[in-house]
Protein chains: 2
Amino acid sequence: MARKGEDKAYVKELTSKREDFAQWYVDVIRKTDMADYTTLKGCMVIKPYGFALWEGIRQALDQRIRRTGHKNAYFPLFVPESLLKLEADHVKGFAPEVAWVTKGGSEELEEPLAIRPTSEAIICSIYAKWVQSYRDLPILINQWANVVRWEKVTRLFLRTTEFLWQEGHTCHRTQEEAQEETIRMLEVYREFAETELAMPVLYGEKTDSEKFAGAQKTYAIEALMADGKALQAGTSHNLGQHFAKVFQIKFLDEDQKEKYVWQTSWGVSTRLIGGVVMMHGDDYGLALPPRIAPVQVVFVPIYFSDSMEEVIRKVKELGDKLGAYRVELDLRDTQTAGWKFNEWEMKGVPLRIEVGPKDIKKKQVVMVRRDTREKTFVPEERFVETVGEQLEDIQRNLFQRALDFRKDNTSHTDDYGEFKEIIERKRGFIVSGWCGDPLCEAKVKEDTKATIRCLPLEELDATGARCLACGKPAAKRAYFARAY
Amino acid sequence: MARKGEDKAYVKELTSKREDFAQWYVDVIRKTDMADYTTLKGCMVIKPYGFALWEGIRQALDQRIRRTGHKNAYFPLFVPESLLKLEADHVKGFAPEVAWVTKGGSEELEEPLAIRPTSEAIICSIYAKWVQSYRDLPILINQWANVVRWEKVTRLFLRTTEFLWQEGHTCHRTQEEAQEETIRMLEVYREFAETELAMPVLYGEKTDSEKFAGAQKTYAIEALMADGKALQAGTSHNLGQHFAKVFQIKFLDEDQKEKYVWQTSWGVSTRLIGGVVMMHGDDYGLALPPRIAPVQVVFVPIYFSDSMEEVIRKVKELGDKLGAYRVELDLRDTQTAGWKFNEWEMKGVPLRIEVGPKDIKKKQVVMVRRDTREKTFVPEERFVETVGEQLEDIQRNLFQRALDFRKDNTSHTDDYGEFKEIIERKRGFIVSGWCGDPLCEAKVKEDTKATIRCLPLEELDATGARCLACGKPAAKRAYFARAY
């Protein structure tokens, strides 16, 4: 178990990220035991390592959702067809991808039940009973649940028939309050993605063609993946009174008038895991942000038979000192140290600590960062604080690296020819003028597969801007990209 | 907001527990905003207060499941019909209560998909790929999920079409290991129910007629509810090789022979919440065990307009000192103190602290325990430690009260006439001889609606025992009861 073989065959099973990004992505997820396909079309199994990552994400986001005054609840899995049909845009958007229950036990159901593709319809039908008076408002509820969308093309974590998510559903007394809530939760998502996932995001409004089916306005956070495609990582919708009117969610206001509530909904899903993989991973495998990594620090003892006892004792002693972190001691005697290095690198563990007999003699440990693969010798007496510093630095570095990547891969042009060239050659975000006409937006999509990812909340300077597609003066500049 | 009106109209809306237990149960759950029915037959919505209780239960149990070496994962919601049909007993048991998806988007599915009523079939089909060698064993995985069973008669929390639960699914190398695991998890459930839910339980083996469909042996924890009926609160199954053989879960053992794994599965559900309500509640509403109560301590300020500011300041000051507890400060100015007392009693909050201007002068607070409704005056300087003591004492007392109730409501007889009289008059558990013949068991059920709840793990003395139904000498004594 010498400190050798760091470039062993193990990781060579991974496809090169540069050569075949899509295959690299699947390889990483399957070989790190995060998830796998099942015989059920489009359904995946989330294995313990992937699920632990989801639990980390869930916990960090749940805290933020609570701190902003929301409470968790649980609503039924089923949405009767008649309820799903009430809001016209909503059903048009979701009906093509709904799984329908038509039989219960041995009896045919009188009315088919949709398995929730999202819960607006069922929740609004329940809120209609809860809301009577302005004193019942606001309603600020979140749900962690599974949803089903019958997708034709699926990809692990990014697009699966069943996935896990949280969906917030709120009711407000005024339009202003609903808009404030919509932006508040967008901001929660932004801060969460950047702080916890080390994932820099653009945030802004969606155009009508990319809006949630049934929303008045949709806002999103958008992240740039390593292959130059954008990932919509979370959405926050101002539903206006669209659902309130068809579901009759009314309240008696202080002025004794009956009014419809104003609503929002917002969600992020297991798709975030795919985003973390694509944003930070490399040819050695995953690279997980320390704040959400299931294992933050792994100890690998290095010994020969005569030093085994001493080394393992030391590793346990050091591990005990890291009570504040999620630590794994890899004491398996069936694998070489080199094999273990490769495995934990592939699994994206932020910090590896190696301890051998020489290190014990020198009162030091060897730390290897996953992000830079940099090795440092740390005196034992500074070991605990160095772990803390390194983890923080890794978190910061992953974020900065992704931010630099985004900067390097954000282009500016109003020239359609140049735009097409960039999309083919380099991808990334392209900031371009748009006149506001959905036909121009559609033309760009048709020609280049790029869509408007968002109209940023803090509006970009549009002085002299011209629409990419029609060349007319443009009031706005938007972020375009090809997207997942 | 004087300290008056403790017996106001508010709680009078509750049906008396003694007069109509079933209605009392529904009243308590709906009026405390734990849950409610929806327009969907048999489906409930778990409201924030009820869901917070579930989160408390989940967290406390999840810790124990992890400590015994299990990891969480997530498997698909759907079970293809062909997989569900593989294990003959399993499909016979579950097919009548399965919801079937037959349409995805606009296309009819070639094969109907069951929504998981339990996940043995889908998980076993996946484990078959994971297990190759004895080195892959044991597999120790747990899942927190929703399941659906198409029930004809439903009751909030106790029996609903959709419910939430955890289900453990393990694979082992030997029969002995699987049996050890089965009993280990039964013991986890027992300790959890008694420690966290203050719910004394019997634990033992089920007879063949009450076994899980597909199991070799089923064990259960059984609690006695206040109406004298038993509640099966958790089950642990030794699945033998029943599923391994039909799903071909095989491994190459160290001796180079191919063998089938030995399996277990075990689960508890949101049904536990119904158990907590029925076990500890009274005519004033819920009484929640402190360890899982969403709110452990509620402060109710008592003031007139001239003392309002001072009292509220004191309440906030005291509340801040209870950082280790889940605390609510009820500062609403829309309700009287009396109304608040009743509401928090109904919601089962273990400890209420009242603070008024006189209390401030005397440097004391008033504490009222939910379990005994006993009021004590506590010097401010001993307030924090008294909260801790009282909460512990309430937890202990709820358990002891339930244990005493069970003792008082456990009868012993081998005489069938007496048995029938007890079941009609008093109910509770009845310890009686049973010859082991399923026909005798069926006769008792037919005649009295009582079933064998369990054959206790620590066998009861059967000296001189006679079978209740046939009068022949009986090798065992069993616990009988009517059950939910």
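**Exercise 1. Is Lys443(A) buried, partly exposed or exposed, going by its C-beta neighbours inside 10 Å?**

Before we start: this is a predicted model.

Step 1. Find the residue: Lys443(A) sits in helix α15, residues 438-448 of chain A.

Step 2. Count the neighbours. There are 15 C-beta neighbours inside 10 Å of Lys443(A).

Step 3. Apply the cut-offs: 20 or more means buried, 12 or fewer means exposed. With its 15, Lys443(A) therefore counts as partly exposed.

Step 4. Look along the chain, too. Leu468(A) is 25 residues away from Lys443(A) in sequence, and the two C-alpha atoms are 9.8 Å apart.

**Exercise 2. Work out how chains A and B are related.**

Step 1. Superpose them. A turn of 180 degrees, with a shift of 0.0 Å along the axis, lays chain B on chain A with an RMSD of 0.0 Å.

Step 2. Name the symmetry. The two copies are thus related as by a two-fold rotation axis.

Step 3. Find out what lies by that axis. In chain B, the nearest C-alpha belongs to Val101(B), 2.1 Å from the axis.

**Exercise 3. Describe the side of chain B that touches chain A.**

Step 1. Count the residues: chain B gives 39 to the contact, and chain A gives 39.

Step 2. List some suppliers. Elements of chain B that each bring at least two residues include α3, α6 (120-130), β7 (139-148) and β8 (162-172). The largest share, 6 residues, comes from β5(B).

Step 3. Sort by class. On chain B's side you get 24 nonpolar, 9 polar and 6 charged residues.

Step 4. Compare the copies. Of the interface residues of chain B, 100% are also interface residues in chain A, so the copies meet through the same surface.

**Exercise 4. Describe how α3(B) packs against α7(B).**

Step 1. Get the geometry. The axes of α3 (residues 48-67) and α7 (residues 175-196) of chain B come within 11 Å and cross at roughly 145 degrees.

Step 2. Add the hand: α3(B) passes α7(B) in a right-handed crossing.

Step 3. Name the partners. From α3(B) come Ala60(B), Leu61(B) and Arg64(B), which meet Val188(B), Phe192(B) and Glu196(B) of α7(B).

Step 4. Classify them. This contact has 4 nonpolar and 2 charged residues, and no polar ones.

**Exercise 5. Which residues touch the most other members of the largest nonpolar core?**

Step 1. That core has 282 residues, and the ones touching the most other members are Met199(A), Ala223(A), Met199(B) and Ala223(B).

Step 2. Zoom in on Ala223(B). Leaving out residues up to four places away in sequence, its contacts include Ala193(B), Met199(B), Pro200(B), Val201(B), Leu231(B) and Met279(B).

**Exercise 6. Track down some unusual backbone geometry.**

Step 1. Check for cis peptides. In chain A, one joins Leu137(A) and Pro138(A), with omega about -10 degrees. In chain B, the bond from Leu137(B) to Pro138(B) is cis, with omega near -5 degrees.

Step 2. Place the prolines. Pro138(A) is in the loop between α6 and β7 of chain A, and Pro138(B) is in the loop between α6 and β7 of chain B.

Step 3. Look for positive phi outside glycine. Arg373(A) has phi near 60 degrees, and Lys363(B) has about 50 degrees.

Step 4. Place these as well. Arg373(A) lies in the loop between β18 (364-369) and β19 (375-379) of chain A, while Lys363(B) is in the loop between α12 (357-361) and β18 (364-369) of chain B.

Step 5. Finish with exposure. Arg373(A) has 13 other C-beta atoms within 10 Å, so it is partly exposed. Lys363(B), with 10 C-beta neighbours inside 10 Å, counts as exposed.

Terms used. Residues numbered from 1 in each chain as written. Chains lettered and ligands numbered in written order. Predicted model: local features only at pLDDT ≥ 70, side-chain atom pairs only at ≥ 80, totals over all residues. Least-squares fit on C-alpha atoms with pLDDT ≥ 70 in both. Contact = placed C-beta atoms within 7 Å. Axes fitted to C-alpha atoms, helices over the stretch in contact; angles between N-to-C directions. Helix = DSSP H or I, 4+ residues; strand = E, 2+ residues; numbered from the N terminus. Left-handed = near helix turned anticlockwise from the far one by under 90°. Nonpolar A, V, L, I, M, F, W, Y, C, P; charged D, E, K, R; others polar. Core = buried A, V, L, I, M, F, W, Y, C linked by C-beta atoms within 7 Å.
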